[in-house]
Amino acid sequence: MELNGTSLINGKAGKRGGRTFRAVNPINGEKLEPAFHAAADSEVEEAARLAAEAFVIYGRRSGKKRGEFLRLVAQELESCGEDLVKRATLETALPAGRIQSEIGRTCNQLYLFAQLVEEGSWVEARIDHANPERKPQPKPDVRSMYVPLGPVAVFGASNFPIAFSVAGGDTASALAAGNPVLVKAHPAHPGTSEIAGAAIARAVAKAGLPAGVFSLLFDDGVEVGKQLVKHPLVKAVGFTGSHAGGRALMDLAAARPEPIPVYAEMGSINPVFILPGAMKERREQIASGLHASVTLGAGQFCTKPGVVMLADDDNAQAFAAKLGELMAGTPSSALLTAGIHAAYCSGVSSRSGQVKVLGQGSAAQSGHAAAAVVFETDATAFATDPRLGVELFGPAALLVRYSKREELMSLARGLHGHLTATLHATEQDLREYADLVRLLTTKVGRLVLNGYPTGVEVCHAMVHGGPYPATSDGRSTSVGTHAIFRFARLVCWQGFPDAALPEELQEANPLGIWRMVDGQMGK
Ligand code: NAP
């Protein structure tokens, strides 16, 4: 497929001219063709205006129509086939199999949201009937449900070029709720973004929607993103990336004359607790599983297990030796961008001066090559040196040894918010450490038992969130169908006649959805 290298606005290629940039092949550092043109201020302005105009129509489309549209997006994405896989592989150095599975996951996500909005009960309709006889005041008729917010700005993530990028979870959930989307493409994979963006634009046209429902904007700096977040017509933001980036956008959105919500997923060290019974029974198996999880995708997952808490005993010693061996034998891998590579190398080098290196692989001498590494320290050092609790994005992990149970509880109490916590435990461990499990529910969005946190299932019950600083709002998730509520708000109709109400709230329940009527759930 011939790439155009411009933003995509009003269903058409944007302007040439102005600043340009190219994607880089992470394996050899070579620049890739074509050049991509950063969006001009006037293009951001036009995209926002068109999105606001499209909202008037798209926001009122029925759940059935929005579901049809989401299915079209998935079909168009599936039809990109090899073009998408080839370009994404070139721009990210991720293997073709990983890209194919990301495409599958992204399409499943779109189909799941299509089902959700076609079924319709997600709007949480509630009806409280009037009671004119009530004394001393008559009770009014009150009805409420979720409605869309308006245009949403989405920042594509570098580490999931498909599933958390142009057509990824933030876009799918915002569109499902009835909002137009303006995507700021991640500059590490502009070609991949253009192919996915063109697929969405084709779906918009096939569904007969206004082209302003979706725009794609390029930039290799922060200006376009800032303009989007500050734009008065933009009503919410979805972001996945660094803490610095997410926090900057939160502050920018809060400083607007009309502040708007920013749903930023900013990473995590995803603590793992290997409890004594499990360590005794399965230390070799856990070491292999953990090694696979830490090095998966070159460790560039926000769910990578970055810190492992274990007791200071012989079993843990043998476990650490095994994990060190596995890390030392791990082949070099290419990181996504020069920035991620530089941050990883400097993080590994400074951590090597702070704590013991248990095992380290070797790195190739080209492109963004990085070596896997596992470090070790003790509970006192971890508790007193905040640098050790910072995410090291890449194939690295830190083991933390504790000498007694109280020290373990104190480590857990000292944790900030994270996306996940993992426990390796026997049933006996779970009984003995029930207080640890309870404590961890206050720290994370997802608890994993006897598994690994990488691999986030896209399903109705998933929570991919967690208290700050893992995310900007610990009440939300960026994966799974609960994600739709980030881009919707409650509205209440009081005293309206049936014909003037949305179908979801009409007396006869014409859509047949689940509703709460006078406190009782039913259809
Ligand atoms: P990033 O630097 O946070 O950038 C993500 C996106 O946000 C890019 O489009 C970036 O634009 C934009 N951005 C960043 N700061 C901004 C600001 N102040 N104003 C407006 N836009 C801004 O993330 P990255 O490039 O993917 O990787 C850098 C680091 O982020 C990694 O080393 C890793 O620590 C972390 N990371 C975390 C996750 C996660 O899952 N939470 C995922 C990927 C990366 P430009 O690039 O054009 O400047």
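Reader: What makes strand 12 and strand 19 a pair?

Author: In this predicted model, strand 12 (residues 272–274) and strand 19 (residues 418–424) meet in the parallel sense over 3 bridges. Two strands pair if there are at least two bridges between them, so 3 bridges satisfy the rule. Val272 stands opposite Thr422 of strand 19.

Reader: Which sheet holds strand 12 and strand 19, and why is its pairing called what it is?

Author: They belong to an open sheet of 7 strands, in the order 15-17-18-13-12-19-20, with mixed pairing. In general, strands of a sheet can pair through backbone hydrogen bonds either parallel or antiparallel. On average, neighbouring strands here are turned by 20° against each other, direction ignored.

Reader: Why is one side of strand 15 and of strand 20 left without a neighbour in the sheet?

Author: Strand 15 (356–360) and strand 20 (444–449) are at the edges and have a single partner strand each, so one side of each lacks a neighbour in the sheet.

Reader: What is the order of the open sheet of 5 strands?

Author: That order is 21-6-5-22-23, and the pairing is mixed. Strand 21 (488–494) and strand 23 (520–522) each have a single partner strand, so these two stand at the edges. The average turn between neighbouring strands of this sheet is 25°, direction ignored.

Reader: How do you know that strand 5 and strand 6 pair?

Author: The same test applies: at least two bridges are needed. Strand 5 (residues 126–128) and strand 6 (residues 142–148) share 3 bridges in the antiparallel sense, so they count as paired. Arg126 sits opposite Ser144 in strand 6.

Reader: On to the ligand: which residues around it come nearest?

Author: Ser158, Lys184, His186, Ser242 and Cys302 do, out of 24 residues around the ligand. A residue enters that group if one of its heavy atoms lies within 4 Å of the ligand. By type, the shell divides into 10 nonpolar, 9 polar and 5 charged residues. Helix 8 (243–254) and strand 10 (236–240) each supply at least two of them, and helix 8 gives the most, with 3 residues.

Reader: What makes the approach of Ser242 to an oxygen atom of the ligand a polar contact?

Author: An N or O atom in the Ser242 side chain is 2.6 Å from that ligand oxygen. The limit is 3.5 Å, so this pair passes. Nitrogen atoms of the ligand pass too: one is 3.1 Å from a polar backbone atom of Gly241, and the figure for Gly267 is 3.1 Å as well. The protein covers 83% of the 860 Å² of accessible area that the ligand has on its own.

Reader: Why is the meeting of Arg202 and Glu76 called a salt bridge?

Author: Their side chains come to 2.7 Å, N to O. The cut-off is 4 Å, so the pair qualifies. Arg202 lies in helix 6 (residues 190–206) and Glu76 in helix 2 (residues 63–78), 126 residues apart, and the pair thus links distant parts of the chain. In total there are 25 salt bridges by this rule.

Reader: How do you know that the peptide bond from Glu33 to Pro34 is cis?

Author: Omega tells us, with a value near -5°. Pro34 is in the loop between strand 3 (20–21) and strand 4 (36–37). The bond from Tyr468 to Pro469 is cis as well, with omega near 10°, and Pro469 is in the loop between strand 20 and strand 21.

Note on methods. Residues numbered from 1 in each chain as written. Predicted model: local features only at pLDDT ≥ 70, side-chain atom pairs only at ≥ 80, totals over all residues. Heavy atoms only, no water. Helix = DSSP H or I, 4+ residues; strand = E, 2+ residues; numbered from the N terminus. Axes fitted to C-alpha atoms, helices over the stretch in contact; angles between N-to-C directions. Polar contact = N/O pair within 3.5 Å; in protein donor to acceptor, adjacent residues only side chain to side chain. Areas by Shrake-Rupley, 256 points an atom, 1.4 Å probe, with all protein chains shown as cover. Nonpolar A, V, L, I, M, F, W, Y, C, P; charged D, E, K, R; others polar.
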